[in-house]
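Please open the model in your viewer and keep the sequence panel beside it, since each stop on this tour begins with a selection.

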Amino acid sequence: MNWDVLLDFSPFSKNWDAVLQSFWATIKLSLMTGILSLALGTLLVSMRVSPTPVLRAFGTFYVNTFRNTPLTLILLFASFGVGDTLGLNKVLNTYWLAVFGMSAYTAAFVCEALRSGINTVPLGQAEAARAIGLTFTQSLRMIILPQAFRSSVAPLGSVLIAMMKNTTVALVAGYVEMAAQMKQMFEEDGATLPIFLGFAVGFMVLTLPSGLLVSWLSKRLAVAR
Amino acid sequence: MVDIGKGAGDAGSSDDLPLVVLESVNKHFGELHVLKDIDLSVNRGEVVVIIGPSGGGKSTLCRSINRLEPIDGGTIRIDGKKLPEEGRDLARLRADVGMVFQSFNLFAHKTILENVTLGPMKVRKVGKAEAEKHAMELLERVGIGTQAGKYPAQLSGGQQQRAAIARALAMRPKVMLFDEPTSALDPEMVKEVLDVMTDLAQEGMTMIVVTHEMGFARRAAQKVVFMADGQIVEESTPDEFFTNARTDRAKDFLSKILTH
Ligand SMILES: Nc1ncnc2c1ncn2[C@@H]1O[C@H](COP(=O)(O)OP(=O)(O)O)[C@@H](O)[C@H]1O
Ligand SMILES: [Mg+2]
């Protein structure tokens, strides 16, 4: 048995550019998915609490569908269904197909995290907002959502950190991020512990600080009642 | 009151017409009939106290006047105009009707000053400087000018309720609704809120107040409405009501609150 492979980090130095590129690809995918899923999730939760039954029904349908479908299926569909069959891969590269698939999925979880935050805002404040003449949209935007965001920082953080780890599924959509790079190095140099550890640490560099930031923010932004 | 064939819809505002008019208002919650043929009219500058046992429909009546609760029958007019159904017109109407809740309901993530300026700026489109100037005047008037920069949770209950009154007044409402404004307060804070309300009444504000505070009713109100089981059982002057109630229902109720 060759114990040297346990300490052999040379595949990294050999592929350094590709590794850095994959690290950056993961960051790019996470950031864009984070932004889009927060926006879409906010829109969805607004639908779920709106006074219009059709919008509420749509919001509920969306969340139930995307929350209960495996991400891999969604990304395969994004890649093959939306990309190849509809021919959109001519305008959207694998990055955007992965971003849209990931965002569609993550938004369902963002929506539910925000909805739990909305439930912490006392109903009386929404009534007071209506009573001074704010419209539903105004009261959602100025009174309900700001407090919902602040009280759901922790669950939103969990959703976003899970999303960062989920970016590894994007390899099925043909997007080369860290997992795809790791797989390639496994195939070229053998699946060794150092390669695995290197990529695992690569992820922790992203997720651990995010976790700390989230708990700091959630304390700082809490609304006193 | 009989409508003597005025043109349909908007009768326009006129100083001798009552400001708030309810005609055979009915409201159900499912099977429960909470408002039964309510007729009530409130003149400009009048203060009406609504009193009665818990569950009698007082809050529902109050809330239906600015359509926080929709009604199923009858009409409610404010300043001659029927309550709009939904949307912008309704929002505009609500801006004209100030409401003060038992639980204050201040916006927890905004300072007291921001609570007071939000409505004028976003609904009335008043500029920030002007809104803040008016807000500070109102906060001074209710005695919490020094608290303007604080958040609601940093204030006592009495201060929060006075801030809520200032927030409602900032919209320059035509009428103010109060739903048991002192019921959630510690006893030592009741007076500071009632004093503000009494001043307001003396300055000529039209007010509809759900309260069991007899002192306030005698001092500030022209009319007491006794409500039970969704009906207006008795309507009279405060003196008459508290010393000489006509119905057994009211006498029974008064004997209960007086023993406290
Ligand atoms: N949103 C609601 N849904 C169902 N029932 C309600 C609702 N609000 C009030 N009620 C019922 O209507 C009746 C009148 O309530 P309310 O107007 O709050 O009375 P009050 O203010 O005089 O105590 C009560 O029986 C109450 O349980
Ligand atoms: Mg009540």
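Helices here are DSSP runs of H or I with at least four residues, numbered from the N terminus. The model you are looking at is predicted.

Begin in chain A by selecting helix H10, which spans residues 193-221 and contains A:Phe196. Is the side of the chain at A:Phe196 buried or exposed, or something in between? A:Phe196 is partly exposed, because its relative accessible area is 43%, and partly exposed covers the values between under 20% for buried and over 50% for exposed. Now add A:Phe9, A:Leu193 and A:Leu197 to the selection: together with A:Phe196 they form a nonpolar patch on the surface, with about 370 Å² of accessible area.

Next, move to ligand 1 and display the residues around it, which are B:Phe29, B:Leu32, B:Val34, B:Pro53, B:Ser54, B:Gly55, B:Gly56, B:Gly57, B:Lys58, B:Ser59 and B:Thr60. Colouring this shell by residue class should give 4 nonpolar, 6 polar and 1 charged. If you colour by secondary structure instead, strand E2 (32-42) and helix H1 (58-65) of chain B each supply at least two residues of the shell, and the largest share, 3 residues, comes from H1 of chain B.

Finally, zoom in on the oxygen atoms of ligand 1. One of them is 2.6 Å from a polar backbone atom of B:Gly55, a backbone N or O atom of B:Gly56 lies 3.2 Å from an oxygen atom of the ligand, and a polar side-chain atom of B:Ser59 lies 2.7 Å from a ligand oxygen atom. With a surface switched on, note that the protein covers 60% of the 560 Å² of accessible area that ligand 1 has on its own.

Note on methods:
Residues numbered from 1 in each chain as written. Chains lettered and ligands numbered in written order. Predicted model: local features only at pLDDT ≥ 70, side-chain atom pairs only at ≥ 80, totals over all residues. Heavy atoms only, no water. Near = heavy atom within 4 Å. Polar contact = N/O pair within 3.5 Å; in protein donor to acceptor, adjacent residues only side chain to side chain. Areas by Shrake-Rupley, 256 points an atom, 1.4 Å probe, with all protein chains shown as cover. Nonpolar A, V, L, I, M, F, W, Y, C, P; charged D, E, K, R; others polar. Patch = residues over 30% accessible without salt bridge, like charges linked within 9 Å, V, L, I, M, F, W, Y side chains within 5 Å. Salt bridge = Lys/Arg side-chain N within 4 Å of Asp/Glu carboxyl O. Buried < 20%, exposed > 50% of the residue type's maximum accessible area, 1.4 Å probe, protein only.
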